[in-house]
Amino acid sequence: MNILVIESSPHKHGSSNLLAEEFIRGAKERGHQLEIFDAARADLHTCLGCDACGMSGPCVQKDDMAQLREKLLASDMAVFVTPLYYFGMSAQLKTVLDRFYSFNGRLSAKGLKTALIAAAWDSNDWTMRELSSHYQTLCRYLNFRDQGTILGIGCGTVSQTRASRFPKLAYEFGISL
Ligand SMILES: Cc1cc2nc3c(=O)[nH]c(=O)nc-3n(C[C@H](O)[C@H](O)[C@H](O)COP(=O)(O)O)c2cc1C
């Protein structure tokens, strides 16, 4: 499969990207083709809600979303990677998702395989509840075929994340595909 990993943390070498790295290592060992798109370092602007695209046309904004749109439409699977910010995804990842608006129909017609990888400081059983629920609802609406989630609780720093069970789970998830 061609798998597009969409990272979204301001910490290039932080916890969520560490989990993504382990996922990538596993998926590569399994023979998949992996590509990373780093939304935190891309030139991406928030959706203007202008509706010029009519949900299926070019976006009026000229930024890296055009490139991401083509990559996504050519992928078999997308992996959304995010730190937990106030119980949701990072603004960087939400910016990407809102920009799906201009190709909403084409994207949902694809039946894209997807996964979610997240890292959070807290480790309560409810820490990831809203993020997980949001992701599941997106899957339902956009006809995504969820392949799994790695929800790294107690992963507040890179050293905590390394010491946790989540890198191994991420690797095993990658190799299971
Ligand atoms: C703006 C902001 C909001 C955060 N909100 C939460 C939160 O709601 N719950 C939580 O457990 N951790 C929260 N954190 C902690 C991060 O999720 C955590 O440190 C994570 O490991 C960061 O991942 P990264 O290294 O990939 O950026 C927040 C951190 C920041 C900077």
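In this predicted model, helices H1 and H7 run roughly parallel to each other, because their axes cross at roughly 30° and angles under 35 degrees count as roughly parallel. H1 covers residues 15-29 and H7 covers residues 166-176, and the two axes come within 6 Å. As for handedness, the crossing of H1 and H7 is right-handed. On the H1 side, the contact is made by Leu18, Leu19, Glu22, Phe23, Arg25, Gly26, Ala27 and Glu29. H7 answers with Phe166, Pro167, Ala170, Tyr171, Phe173, Gly174 and Ile175. Sorted by class, the contact of H1 with H7 has 10 nonpolar residues, along with two polar and three charged ones.

Next comes the nonpolar interior. In soluble globular proteins, nonpolar side chains tend to be buried together. Here, the largest nonpolar core has 30 residues. Those with the most contacts inside this core are Ile6, Leu68, Leu72, Phe80, Phe100 and Phe144. Both strands and helices feed into it: E1 (2-7), E3 (77-83) and E4 (113-119) among the strands, and H2 (65-73), H3 (91-98) and H5 (129-142) among the helices, each supply at least two residues. H5 gives the largest share, with five residues. There is also a second, separate core of 20 residues, and its members include Val5, Leu19, Ala115 and Cys155. Leu19 turns up again in the helix pair, as one of the H1 residues in contact with H7.

Phe80 is a handy place from which to look around the largest core, being among the residues with the most contacts inside it. Phe80 sits in strand E3 and is buried, with a relative accessible area of 4%. Setting aside neighbours within four places in sequence, Phe80 is in contact with Ile6, Leu93, Leu97, Phe100, Tyr135 and Phe144, and also with Thr114, Ala115, Leu116 and Ile117. Of these partners, Ile6, Phe100 and Phe144 are, like Phe80, listed among the residues with the most contacts inside the largest core, while Ala115 belongs to the second one. Glu35 is 45 residues away from Phe80 along the chain, and the C-alpha atoms of the two are separated by 12 Å.

Strand E5 offers another buried position, Gly152. Its relative accessibility is 0%. Not counting residues up to four places away in sequence, Gly152 touches Leu19, Ala118, Ala119, Ala120, Met128 and Phe166. Two of these names are familiar from the helix pair, where Leu19 belongs to the H1 side of the contact and Phe166 to the H7 side. Gly152 and Leu107 are also 45 residues apart along the chain, but here the C-alpha atoms are separated by 28 Å.

The loop between E2 and H2 holds two residues in contrasting settings. Leu44 lies in this loop and counts as buried, at 16% relative accessibility. Ala52 lies there too, yet Ala52 is exposed, with a relative accessible area of 52%. Beyond residues up to four places away in sequence, Leu44 touches Phe37, Ala39, Asp63, Asp64, Met65, Thr95 and Val96. Two of these, Thr95 and Val96, fall within H3 (91-98), and Met65 falls within H2 (65-73). Over longer stretches of chain, Leu44 and Ala163 are 119 residues apart in sequence and 33 Å apart in space, C-alpha to C-alpha. For Ala52 and Ala120, the separation is 68 residues in sequence and 37 Å in space, again C-alpha to C-alpha.

Backbone geometry adds a last point. Most residues other than glycine have a negative phi. Two residues in this model go the other way. Phe87 has a phi near 70°, a positive value in a residue other than glycine. Phe87 lies in the loop between E3 and H3, where it is partly exposed, with a relative accessible area of 34%. Asn143, which is not a glycine either, has a positive phi of about 60°. This residue lies in the loop between H5 and strand E5 (145-152). Asn143 is partly exposed as well, with a relative accessible area of 42%.

Terms used:
Residues are numbered from 1 along each chain as its sequence is written. This is a predicted model: local features need pLDDT of at least 70, side-chain atom pairs count only at pLDDT 80 or more; totals for chains, interfaces and linings use all residues. Side-chain values use heavy atoms; hydrogens and water are left out. Axes are lines fitted to C-alpha atoms, for helices over the stretch in contact, and angles run from 0 to 180 degrees between N-to-C directions. Helices (H or I, at least four residues) and strands (E, at least two) are DSSP runs, numbered from the N terminus. Angles under 35 degrees count as roughly parallel, over 145 as roughly antiparallel, 65 to 115 as roughly perpendicular and the rest as oblique. A crossing is left-handed if the near helix is turned anticlockwise from the far one by less than a right angle, and right-handed if clockwise. Contact means heavy atoms within 4.5 Å. Ala, Val, Leu, Ile, Met, Phe, Trp, Tyr, Cys and Pro count as nonpolar, Asp, Glu, Lys and Arg as charged, and the others, Gly among them, as polar. A nonpolar core is a set of buried Ala, Val, Leu, Ile, Met, Phe, Trp, Tyr and Cys residues joined through side-chain atoms within 4.5 Å. Buried means under 20% relative accessible area, exposed over 50%, partly exposed in between (1.4 Å probe, protein chains only).
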